[in-house]
Amino acid sequence: MNSKSWIKTVAQNRKKCEKILAISKDMRYAGVFNEYGRTIAGKIKPGVKPIFSPDSVRHEFFAIASMMRLREKTSKTLGNLELISITHKKINILLFYKNSTTYYITIDKKSKSNTLLVNKIKKIITQG
């Protein structure tokens, strides 16, 4: 990928992250990374204190990217992966996978991950 197309990809994904964060006040972070866990774009909601250190983020994204590559191998049998939800004591994480790219969204624990929220995020991800 040349630098011009990379800049365009980053800008498009940054806009998607901003739109995702705007869906709900309970959104904390929206980010996108490639199949190797390298961040393409990410945005933390203003006023939100990050939970991960920069080093921990790299490890988290690499681990998730590895899992997504493994899940991709079952897509011929099970169909394309739509959503993975991870529930922790402090936050909920929603993972969406499209074209070897993972969308990583964190939501305050008090928010319920409902179908409407998921559908709004999917719509943003699938747009252009």
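**Strands, helix α4 and salt bridges**

Student: Which residue takes a positive phi in the hairpin of β4 and β5?
Tutor: This is a predicted model, and the answer should be read as a feature of that prediction. The hairpin of β4 and β5 has two residues between the strands. The residue there whose phi is positive, near 50°, is Asn99.

Student: How many bridges join β4 to β5, and which residue in β5 is the bridge partner of Leu94?
Tutor: Strands of a sheet pair through backbone hydrogen bonds, and they may do so in a parallel or an antiparallel way. Here β4 and β5 run antiparallel and are joined by eight bridges. Within β5, the partner of Leu94 is Ile105.

Student: How is β3 joined to β4, and which residue in β4 stands opposite Ile86?
Tutor: The connection between β3 and β4 is a hairpin through three residues, and the two strands run antiparallel, joined by four bridges. Across this pairing, Ile84 stands opposite Leu95 in β4. The residue of β4 that stands opposite Ile86 is Ile93.

Student: In what order do the five strands form the sheet, and which strands stand at the edges?
Tutor: The sheet is open, its pairing is antiparallel, and the order of its strands is β2-β1-β5-β4-β3. A strand at the edge has a single partner, so one of its sides is left without a neighbour in the sheet. The strands in that position are β2 (39-44) and β3.

Student: What is the average twist from one strand to the next, and what angle does the direction of α1 make with that of β2?
Tutor: From one strand to the next, the twist averages 15°. Helix α1 packs on the sheet and touches β1, β2 and β5. The direction of α1 makes with that of β2 an angle of about 30°.

Student: Across which strands does α4 lie, and at what angle to β4 does it run?
Tutor: Helix α4 lies across β1, β4 and β5. Of β4 itself, seven of the eight residues are buried, and the strand is mostly covered. The angle at which α4 runs to β4 is about 40°.

Student: Which residues of α4 are buried, and what arc do they cover around the axis?
Tutor: An α-helix has 3.6 residues a turn, so residues three or four places apart point the same way. The buried residues of α4 are Leu117, Val118, Ile121, Ile124 and Ile125. They are on the same side of α4 because the arc they cover around the axis is only 125°.

Student: What covers the buried residues of α4, and which residues are exposed on the other side of α4?
Tutor: The cover over the buried residues of α4 includes α1 (3-22), β1, β4 (91-98) and β5. Lys123 has its place in helix α4, and it counts as exposed because its relative accessibility is 55%, where the cut-off is over 50%. The exposed residues on the other side of α4 are Thr115, Leu116, Lys123 and Thr126.

Student: How far does α4 reach from its first C-alpha to its last?
Tutor: Helix α4 has twelve residues, for which the span expected at 1.5 Å a residue is 16 Å. The reach computed from the first C-alpha to the last is close to that expected span, at 16 Å.

Student: What distance separates the side chains of Lys122 and Glu82 in their salt bridge, N to O?
Tutor: Side chains of opposite charge can pair when their charged atoms come close. Lys122 lies in helix α4 (residues 115-126) and Glu82 in the loop between α3 (75-78) and β3 (84-87), so the pair ties together parts 40 residues apart in sequence. Lys122 is partly exposed, at a relative accessible area of 26%, whereas Glu82 counts as exposed at 52%. The distance in this salt bridge, N to O, is 3.0 Å.

Student: Is Arg28, which meets Asp108 in a salt bridge, buried or exposed?
Tutor: The side chains of Asp108 and Arg28 meet at 3.7 Å, N to O. This pair links distant parts of the chain, with Asp108 in strand β5 (residues 101-108) and Arg28 in strand β1 (residues 27-33), 80 residues apart. Asp108 counts as partly exposed at 22% relative accessibility. Because its own relative accessibility is 13%, Arg28 counts as buried.

Notes:
Residues are numbered from 1 along each chain as its sequence is written. This is a predicted model: local features need pLDDT of at least 70, side-chain atom pairs count only at pLDDT 80 or more; totals for chains, interfaces and linings use all residues. Side-chain values use heavy atoms; hydrogens and water are left out. A salt bridge is a side-chain nitrogen of Lys or Arg within 4 Å of a carboxyl oxygen of Asp or Glu. Buried means under 20% relative accessible area, exposed over 50%, partly exposed in between (1.4 Å probe, protein chains only). The expected span of a helix is 1.5 Å times one less than its number of residues. The arc is that of the directions from the helix axis to the C-beta atoms. Contact means heavy atoms within 4.5 Å. Two strands pair if DSSP finds at least two bridges between them. Axes are lines fitted to C-alpha atoms, for helices over the stretch in contact, and angles run from 0 to 180 degrees between N-to-C directions.
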